Amino acid sequence: MNFVSLRFCAFFVAAVFVYYVLPRRARQPWLLACSCFFYMCWNPAYIVLILFSAFSTYLCGRALAVLGAPAAGNRGRRRAAMAVSLAANLGILFFFKYYNFFAQSANGLLAARGFPAVPLLGVLLPVGISFYTFQAIGYTVDVYRGSVSAEQRFWRYLLFISFFPQLVAGPIERSGNILPQLQLPARFSYERAKSGLVLMLWGYIQKMVVADRLALLADTVYAQGGALGGWATATATVLFCFELYCDFSSYTDIARGAARILGVELMENFRSPFLSQSVAEFWRNWHISLSSFFRDYLYIRHCKVKMKK
């Protein structure tokens, strides 16, 4: 169910209407049902992957809560609980997203030496697997560090993992931002709904008016195989860069606008990266949720461990 489709628009209108008609205690279960239905429209079988990711990291969070704060007697068990959760989720991500890439690379070496080829995985890549896997891993690390408390209700945690506006194209959200917003459903706000609709409209304009038109121009030039000359190829490359940005940014804006209408505020994912004054500033403003994820959960932690050594 693509964002840029009448099917999604009909689904979203129905989801919002029922959401605000229902009693407040029934709204979050309704959102969870909508999120599961939305994802199952891509491939019903892959809902098992989200359930596995959510259940494994939820159990890890509960285990860390039972073990309590880091102490001499429980440090090893806390690390073991987190290690098992991370290994399971990263293992699934690697298997579905990167297995074929490494298998094809290995087959080239094996064929040169006369060995049989490694079988390739004959399934489609699960939609949004990187986003919800990183989100689940971020929650696990937050609970391990004590930044957030472990969520007690599995269905609410599952909604955090599978929340349909940002499930397919991000942004990669933080548990400290979304879980508190899911504690108590927001009341309908005309101003918030108007702001969300404007943001969604801007996303649709970026996608359908800008990105898709730039794609036609760039693809036409690339299809000529350089016959139009260097300047045409260079221009097509610049247009492709803007196409890529508008394509990605449009889905993020649609996601943020849809979530805002439902009373959930998602983080900003792009901040005018092409107006940056340096390469470093460009990467800080491009796919902010991913770069900040690696900064907060990998880079900073690694630096701290290195400094201690």
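Let me begin with the second largest pocket, whose lining residues divide into five nonpolar, five polar and four charged. Before going further I should say that this is a predicted model, and everything I describe today is computed from it.

The lining of the second largest pocket is made up of 14 residues, and those that lie nearest its centre are Trp202, Gln206, Tyr245, Ser249 and Asp253. Two elements, α9 (190-223) and α10 (230-261), each give two or more residues to this lining, and α10 gives the most, with six residues. As for the space inside, the second largest pocket holds about 190 Å³.

Now let me turn to the nonpolar cores. The largest nonpolar core has 68 residues, and those with the most contacts inside it are Phe8, Phe12, Phe38 and Phe164. Helix α6, which runs over residues 129-145, supplies the largest share of this core, namely ten residues. Apart from the largest core lies another one, of six residues, which include Ala211, Tyr245, Phe270 and Trp286; you will recognise Tyr245 from the pocket, where it is one of the residues nearest the centre.

Which residues does Phe164 touch, once its neighbours within four places in sequence are left aside? Phe164 is in contact with Phe3, Phe8, Phe11, Phe12, Leu31, Cys34, Ser35, Phe38 and Leu262.

Ser35 in that list deserves a moment of its own. Ser35 is found in helix α2, residues 24-40, and a polar atom of the Ser35 side chain lies 3.1 Å from the backbone nitrogen of Phe164. Is Ser35 buried or exposed? Ser35 has a relative accessible area of 0%, and because that is under the 20% cut-off, Ser35 counts as buried. Leaving aside neighbours within four places in sequence, the residues in contact with Ser35 are Leu159, Ser162, Phe163 and Phe164.

This brings us, finally, to helix α7, which spans residues 154-162 and is mostly covered, with seven of its nine residues buried. The buried residues of α7 are Arg156, Tyr157, Leu158, Leu159, Phe160, Ile161 and Ser162, and two of the names in that list, Leu159 and Ser162, are also contacts of Ser35. What, then, covers the buried residues of α7? The covering includes α2, α3 (47-67), α6 and α8 (175-183); of these, α2 is the helix in which Ser35 is found, while α6 is the helix that gives ten residues to the largest nonpolar core.

Conventions
Residues are numbered from 1 along each chain as its sequence is written. This is a predicted model: local features need pLDDT of at least 70, side-chain atom pairs count only at pLDDT 80 or more; totals for chains, interfaces and linings use all residues. Side-chain values use heavy atoms; hydrogens and water are left out. Helices (H or I, at least four residues) and strands (E, at least two) are DSSP runs, numbered from the N terminus. Buried means under 20% relative accessible area, exposed over 50%, partly exposed in between (1.4 Å probe, protein chains only). A polar contact is a pair of N or O atoms within 3.5 Å; within protein, one must be able to donate a hydrogen and the other to accept it, and residues adjacent in sequence count only if both atoms are side-chain atoms. Contact means heavy atoms within 4.5 Å. On a 1 Å grid over the protein atoms alone, a cavity is a set of points where a 1.4 Å probe fits but cannot get out, and a pocket is an open set with protein on both sides within 12 Å along at least five of seven lines; lining residues have an atom within 4 Å of a point. Grid points are joined across faces, edges and corners, and a volume is the space filled by probe spheres set on the points. Ala, Val, Leu, Ile, Met, Phe, Trp, Tyr, Cys and Pro count as nonpolar, Asp, Glu, Lys and Arg as charged, and the others, Gly among them, as polar. A nonpolar core is a set of buried Ala, Val, Leu, Ile, Met, Phe, Trp, Tyr and Cys residues joined through side-chain atoms within 4.5 Å.
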